[in-house]
Amino acid sequence: MKSKPKILLVNPPIYDFTAYDYWLKPLGLLSIAGTLSNSADLQLFDFLDRSNDFYADKPKFKSNDFGTGSFYSEKIPKPLPLKNIPRHYNRFGLPQKLFIEYLRQNPPADFAMIQTVMTYWYPGYKEVIDTIKTHWPKTKIILGGPYAILCAKHAESLNADLVVTETGLDKLFNYIGIANNKSLPPSWQLYKKLDTAAMRISTGCPFKCTYCSVPNIYGSFKSLSIQNKLREVELLVKLGVKNIAFYDDALLYKSSEVLVPFLSEIIKRKLSVNFHSPNALNARFVTGGLAELMVKAGFKTFCLGFESHSENFQKLTGSKVFSDELSSAVDFFLAAGADKNNITAYQILGHPNHNIQETENSMKFISSLGIRIMLSDFSPIPGTPDGEYCRKFIDMDEPLNHNKTAFPIMTIGYEAINKFKNIFHNLSDKL
Ligand code: SF4
């Protein structure tokens, strides 16, 4: 009988100025792996796995109550395009030598599938490709994920054998040449220990915000099978997971058809787990009833996408939400019993239209609601209207220039950014 092909899944290290583990898991990679789990021999090397034994004697990286925490990091020289950014540049994640040891101690896989996320993290993807090429030269390397889709030409220069440049996976499955079963859950069991996980109950988004890549990558909103997703939660709870982050981009859209039946069933089946929403909830869709259901079903943190208090900016970038809608959503969550310290509104910092964004007023507005502010430094994404506009300021064909710490400094200036960050810290201290 023909033996199953061996596939190594790799979640690469992050090369950036900052990185923090807000439930970062390679959900896309594990989902694809899940569909192949009956016909392939799968293994995982996750550089961002903080439950790895490497962290056992390093208490400062211990997770907080909701499973988030810092990554091990090493300071490294800044690449040329970022040399003038006055911040330390780091490599976050397990040391490279652990991966080399792994490759030396194990027989080579037939395929290595590498997850990508941010475009400007490509030095980490390159490190993984080069390491595999050196130690397992016959292994076919497959690169997929947002970077491969958004910067296809650049991704092809990294020397992988296949770059999956679209969300459809036919090309990938044809290349591997084995059967897949789309109803199987992500391969979470590949982790030795697992405290946190991520899931989606839908893909896409009905909005088209000018700074966001979701409409280009995932298209319009589609719900996934609720029954399969409930089985996924049951599996995760069995594996010992305490915290699950939703990676949905429009989790609250059409909630009566998707989130409400899903959460009602979570309550009915007495599945005890904390839910989080790092990808931002749309305040427009929060009602009193929905907020109550979310709190009852186990939601602990509530991140709301806001970006700016300026109506002009809100309309110019896609009208996804207005200030009064944020304010009502906060009232609903508080009335439902959510902890105000766990309600956060995201605000963009360093957008090319920052002159109409009313950055300081926006922060003051969020703070006046008694909730936390999270500044999301703007990263120009190729193919989005705002990203394409940024070709005026930077070379968008060099993904390092999309870096979220660097771009606001390059366009607004270090002092102005620091001024806003100081206001942010002062407002945060008052909460
Ligand atoms: S609502 Fe959110 S996910 Fe949808 S396009 Fe806007 S920013 Fe992107």
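1. A cavity is a set of grid points where a 1.4 Å probe fits but cannot get out. This meaning is needed for the second largest cavity of the structure, which has a volume of about 40 Å³. The structure is a predicted model, and the values below should be read as computed from that model.

2. The second largest cavity is lined by Phe246, Asp248, Leu251, Ser277, Asn279, Ala280 and Leu281. By class, this lining has 4 nonpolar, 2 polar and 1 charged residues. One of the lining residues, Phe246, belongs to strand S12, which covers residues 243–246.

3. How many cavities of 30 Å³ or more does a search of the whole structure find? The search finds 2. The largest cavity has a volume of about 50 Å³. Its lining consists of Cys209, Tyr211, Phe306, Glu307, Phe313, Gln314, Thr317, Gly318, Ser319, Lys320 and Val321. Sorted by class, the residues of this lining are 5 nonpolar, 4 polar and 2 charged.

4. The ligand should be considered next. The residues around the ligand are Cys205, Phe207, Cys209, Tyr211, Cys212, Pro215, Asp249 and Lys320. This shell contains 6 nonpolar and 2 charged residues, and no polar ones. Cys209, Tyr211 and Lys320 appear around the ligand, and Cys209, Tyr211 and Lys320 are also among the residues that line the largest cavity.

5. The second largest pocket is a separate topic, and the student should keep the two terms apart: a pocket is an open set of points, whereas the probe cannot get out of a cavity. About 460 Å³ of space lies in the second largest pocket. Of the 17 residues that line this pocket, those closest to its centre are Leu44, Phe45, Asn52, Tyr102 and Lys192. Strand S3 (41–46) and helix H2 (96–105) are the elements that give two or more residues to the lining. Helix H2 gives the most, with 4 residues. The lining of the second largest pocket divides into 7 nonpolar, 4 polar and 6 charged residues.

6. Two sheets deserve comment, and a general point helps in reading them. Strands of a sheet pair through backbone hydrogen bonds, either parallel or antiparallel. Strands S9, S12 and S13 form an open sheet in the order S9-S12-S13, with parallel pairing. Strand S9 (196–199) and strand S13 (274–276) stand at the edges with a single partner strand each, so one side of each has no neighbour in the sheet. Neighbouring strands of this sheet are turned by 25° against each other on average, direction ignored.

7. Within the parallel sheet, strands S12 and S13 pair over 3 bridges. Which residue in S13 stands opposite asparagine 243? The residue is asparagine 274. Helix H8 (residues 226–238) lies across S9 and S12, and H8 runs at about 175° to S9.

8. The other sheet is also open and has 3 strands, in the order S2-S5-S4, but its pairing is antiparallel. Strand S2 (14–16) and strand S4 (73–75) are the edge strands, each pairing on one side only. From one strand to the next, the twist averages 20°. Strand S4 pairs with strand S5 (residues 90–92) in the antiparallel sense over 3 bridges. In this pairing, serine 73 has phenylalanine 92 in S5 as its bridge partner.

Note on methods. Residues are numbered from 1 along each chain as its sequence is written. This is a predicted model: local features need pLDDT of at least 70, side-chain atom pairs count only at pLDDT 80 or more; totals for chains, interfaces and linings use all residues. Side-chain values use heavy atoms; hydrogens and water are left out. A residue is near a molecule or strand if one of its heavy atoms lies within 4 Å of it. Ala, Val, Leu, Ile, Met, Phe, Trp, Tyr, Cys and Pro count as nonpolar, Asp, Glu, Lys and Arg as charged, and the others, Gly among them, as polar. On a 1 Å grid over the protein atoms alone, a cavity is a set of points where a 1.4 Å probe fits but cannot get out, and a pocket is an open set with protein on both sides within 12 Å along at least five of seven lines; lining residues have an atom within 4 Å of a point. Grid points are joined across faces, edges and corners, and a volume is the space filled by probe spheres set on the points. Two strands pair if DSSP finds at least two bridges between them. Axes are lines fitted to C-alpha atoms, for helices over the stretch in contact, and angles run from 0 to 180 degrees between N-to-C directions. Contact means heavy atoms within 4.5 Å.
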